[in-house]
Structure formats: structure tokens, C-alpha cells
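Here is a short report on one protein model. Please keep the sequence and the 3D view open while reading.

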Amino acid sequence: MSNAELQRAHVGKRLSEYAVYNGVVYLAGQVPELDPEADIRGQTREVLGHIDRLLAEAGSDKTRILSCQIFLKDVDLIGAMNEVWDEWVAQGNTPPRATVEARLANPKYLIEVVVTAAQK
């Protein structure tokens, strides 16, 4: 694949799990589909695991994240979410990040994360 080719992966009716263009990986919002009953720590771990898996598949990893947007059902959950984030994020490679409160598509979801990353 040349650097300028557009590639989409896990293409569904409404969205692709990620797209790659010009060496940049764009992930769809990742949500806790496997265990939406978990608390914020469990949901955050699951979502970050999805991000790790998709970035690896696309030829990237968490040290290459260019930007991260985190949507929380309740911004008061930020402390517990940050505990999991701090264990996961690559120190020295912490990306620019925004965290906001938002009404998510499924009321059981406490978190959704959108990531953009550079390929290796």
C-alpha cells in the first residue's frame, strides 16, 4: 500500500473500525461492547484494549497516538478513568487529549474514546 492509499478495516453498514490515509490511523469511537455492565475502570480497560488491538492491526501503537478524545457519561468519573489511563498510557509519549462529558449512544456506556495515530 502506498502512503497515499485510503484503506478501511472492519467495514460495516454504518462505520469502519478504522481508516488509514497517508500514514495516519483514524479509529472509530471505541466503546465497552463486551462488558457494558462494568464500572468505569472495567469499561476503560476494555476500551483501551480495543485501541491497542486496532492500532497494532493498522501498524501503529499507543506510543504513536497523535490525538485522543475521551467522552464520559459523567465527568465525575474522570478520576477513576484517569487511574486506568495512567497505567496504560506510554509515559514520555502522552498524547494531546480532550475529555468531555457527553450523552453516549447506549445508556450503559460510561466511556467512548476516539484516537488518531501515526503508523510506524
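The report covers the sheet, the helix across it, the salt bridges and a surface patch.

**The sheet**

This is a predicted model. Its six-strand sheet is open, with mixed pairing and the order β1-β2-β3-β6-β4-β5. Two strands stand at the edges: β1, residues 7-11, and β5, residues 97-101. Each has a single partner strand, so one side of each lacks a neighbour in the sheet. On average, neighbouring strands are turned by 10° against each other, direction ignored.

At the β1 edge, the partner is β2, residues 16-21, and the two pair in the antiparallel sense over four bridges. Here glutamine 7 stands opposite valine 20 of β2.

Strand β6 has β3 and β4 as its neighbours in the order. Seven antiparallel bridges join β6 to β4. Glutamine 69 has valine 114 of β6 as its bridge partner. With β3, the pairing of β6 is also antiparallel, over three bridges. Tyrosine 26 has threonine 116 of β6 as its bridge partner.

How many of the eight residues of β6 are buried? Six are, so the strand is largely enclosed by the rest of the structure. In a regular strand, side chains alternate between the two faces of the sheet.

**The helix across the sheet**

Helix α1 spans residues 40-57. It lies across β1, β2, β3, β4 and β6. Against β6, residues 111-118, the helix runs at about 25°. Strand β4, also under this helix's span, covers residues 65-72.

**Salt bridges**

Side chains of opposite charge can pair when their charged atoms come close. The structure holds three salt bridges. The table gives the closest N and O atoms for each.

| Pair | Closest N and O atoms |
|---|---|
| Lysine 108 and glutamate 37 | 2.7 Å |
| Glutamate 83 and arginine 41 | 3.0 Å |
| Aspartate 61 and lysine 120 | 2.9 Å |

Take the pair of lysine 108 and glutamate 37. Lysine 108 lies in the loop between β5 and β6, and glutamate 37 in the loop between β3 and α1, so the pair ties together parts 71 residues apart in sequence. Lysine 108 is partly exposed, at 44% relative accessibility. Glutamate 37 reaches 58% and counts as exposed, because the cut-off for exposed is over 50%.

Next come glutamate 83 and arginine 41. Glutamate 83 is in helix α2, residues 78-88, and arginine 41 is in helix α1, so this pair ties together parts 42 residues apart in sequence. Glutamate 83 is partly exposed, with a relative accessible area of 43%. Arginine 41 is partly exposed too, with 30%.

Then there is the salt bridge of aspartate 61 with lysine 120. This pair links distant parts of the chain, 59 residues apart. Aspartate 61 sits in the loop between α1 and β4, and lysine 120 in the segment after β6. At 22% relative accessibility, aspartate 61 counts as partly exposed. Lysine 120, at 69%, counts as exposed.

**A nonpolar patch**

Which residues form a nonpolar patch on the surface? They are Leu6, Tyr21 and Tyr26. Together they have about 310 Å² of accessible area. Tyrosine 26 belongs to strand β3, residues 24-27. Its relative accessibility is 40%, so tyrosine 26 counts as partly exposed. The residue thus has two roles in this account: it is a member of the patch, and it is the bridge partner of threonine 116 in β6.

Note on methods: Residues numbered from 1 in each chain as written. Predicted model: local features only at pLDDT ≥ 70, side-chain atom pairs only at ≥ 80, totals over all residues. Heavy atoms only, no water. Patch = residues over 30% accessible without salt bridge, like charges linked within 9 Å, V, L, I, M, F, W, Y side chains within 5 Å. Areas by Shrake-Rupley, 256 points an atom, 1.4 Å probe, with all protein chains shown as cover. Salt bridge = Lys/Arg side-chain N within 4 Å of Asp/Glu carboxyl O. Buried < 20%, exposed > 50% of the residue type's maximum accessible area, 1.4 Å probe, protein only. Pairing = 2+ DSSP bridges. Axes fitted to C-alpha atoms, helices over the stretch in contact; angles between N-to-C directions. Contact = heavy atoms within 4.5 Å.
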